[in-house]
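I wanted to look up the enclosed and open spaces in this structure. My notes follow.

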Amino acid sequence: MKTHKTFTIITFGCQMNKSDSELMELSLLKSGFHKSDSYHSDIFIFNTCSVRKHAEDRAIAHITETRSKYKDAIIAVAGCMAQRIAHELVTEFGVNLVVGPYQSPDIGNIISHYLYNSAMNKYISQNADDFASRLDNELAHHSDELPWHKWVTISHGCENYCAYCIVPYVRGKLISFPSQQIIDYCTALIDNGIREITLLGQNVNQYGQDSGDIPFYKLLDKVASLCGLYKLNFITSHPKDFNDNILHVMNNNPVIARSIHLPLQSGSDAVLQAMNRQYTMKQYFTTIDAIHTIVPHCSVSTDLIVGFPGETDKDFEMTLNAVKTMQFDEAFTYKYSPREGTSAYLLPDTIPDNEKQRRLDILITTVREVSLKQLHNHINSTTDMIVERISKKSESEVMGKTICNHPIIIKGTIDDIGKKYTVTIVSLKGSTLYGERSA
Ligand code: SAH
Ligand code: SF4
Ligand code: F3S
């Protein structure tokens, strides 16, 4: 179809959404639409997140503003909030179309149909059958972030039902892509110049459990063995399903990033149980020990929630102690946000916001102290890095990430972007590492 219509995609939420937005962009380009050079465009796609109320509020504010500014534009909402409040988006916020999270590869067709017949069904539901179009080799030539990097979704959905979490309700049950298809896809990506891959799933460690496919550690090993890759990352790991097999595969494959994201959520067994996380602090400790024993110099990052219903001062202290004991390299910290439909929503949200904020502030300070100390320990060590961009502070410096996924700055130019170097870490300024290229 020939069209001069332009589009803008606005993405909120996690890497799944970033990856889906790439698919949507490709699909819209294939259908003949043009990517707008500015915000102004004929079609707006909001790819949304529902994980916390704040994420939804931000998206709603953007949508409302866009609707009032561009009265004739087509506004489509995709992603998790589209799944959660589809009807409201159309009736209250003037959205033209809502598209469930599994329709991303087809968005070009959906919008084309809408242009042809605006009376069509406005609710394009969740249908996860069409895997093939998600593993699209053309994506190798297409990126609006790092041109050598690709997110590769290995599983969709989640059935863990952590008490606070909306994801299982908006993304549906666990569905693993066939391993052979993933390996063929990664091979094609590498043949087309992709050098860094991140395997994605809400809980990658459960890969294959739904379909009887190979377990995650075998998939990781197979992808890591493909020639031509500089770096292989995987997120997210769930402590209840993490195991030593993954660590042995990491240790045997230097191409796998020395970086594990292992969300702890709380340092208190009582809270972990109330959250339905299905592990104890003792088990989590054992895993951390195993990581440091089997994969030397591996960074560990985590997610932490404060103010879960019933969290006492003592529980919170245990979270602080866990951060100090575990010495996380990084922790993403959140105030508990009640999500309608989750089991925790039925519990009274007893902790007032100012108390949640107080705990969050203390936690952030503790996390910062610990992570700075961890960064400091890297000084004088040697590591591989991939250069990502020119430094924001200086034209003669470039920023990249180490094999532990720490940001690092070295001297360099635009020609270094996408290249892999071995560097020695020489200093820490603020929370940024500085390095020098080894001869
Ligand atoms: N699948 C991943 C990520 C889920 S969402 C995992 O299992 O870890 C990312 C993070 O958001 C979670 O780890 C959790 O710390 C946080 N989160 C999820 N729901 C939340 C809620 N209702 N309130 C506050 N934080 C939440
Ligand atoms: Fe949410 Fe838990 Fe699933 Fe992660 S594992 S997506 S926190 S239900
Ligand atoms: Fe948000 Fe959906 Fe991802 S709720 S965190 S965009 S899976």
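I began with the small cavity: S15 and strand S16 (397–402) each give at least two residues to the lining of the second largest cavity. The model is predicted.

I checked how that lining is shared out, and S15 gives the largest share, 3 residues. I listed the lining in full as Tyr230, Lys231, Asp384, Met385, Ile386, Lys401, Thr402, Ile403 and Lys420. By class I have 4 nonpolar, 1 polar and 4 charged residues. The volume of the second largest cavity is about 40 Å³.

I then searched the whole structure, which holds 2 cavities of 30 Å³ or more. For the largest cavity I noted a volume of about 110 Å³. Helix H1 (15–30) and strand S7 (149–153) each supply at least two of its lining residues, and H1 has the largest share with 4 residues. I recorded 7 nonpolar, 2 polar and 3 charged residues in this lining; among them are Asp20, Glu22, Arg134 and Trp151.

Where does the largest cavity lie? It lies between domain 1 (6–130) and domain 2 (137–376), because both give residues to its lining.

Last, I looked at the second largest pocket, with a volume of about 380 Å³. I found 23 lining residues, and Pro296, His297, Cys298, His378 and Cys404 lie nearest the pocket centre. The split is 9 nonpolar, 12 polar and 2 charged. Strand S13 (299–306) and strand S15 (382–390) each supply at least two residues here. I also noted that domain 2 (137–376) and domain 3 (382–437) each provide at least three residues of this pocket's lining.

Technical notes. Residues are numbered from 1 along each chain as its sequence is written. Chains are lettered from A and ligands numbered from 1 in the order in which they are written. This is a predicted model: local features need pLDDT of at least 70, side-chain atom pairs count only at pLDDT 80 or more; totals for chains, interfaces and linings use all residues. Side-chain values use heavy atoms; hydrogens and water are left out. On a 1 Å grid over the protein atoms alone, a cavity is a set of points where a 1.4 Å probe fits but cannot get out, and a pocket is an open set with protein on both sides within 12 Å along at least five of seven lines; lining residues have an atom within 4 Å of a point. Grid points are joined across faces, edges and corners, and a volume is the space filled by probe spheres set on the points. Ala, Val, Leu, Ile, Met, Phe, Trp, Tyr, Cys and Pro count as nonpolar, Asp, Glu, Lys and Arg as charged, and the others, Gly among them, as polar. Domain bounds come from an automatic or database domain assignment.
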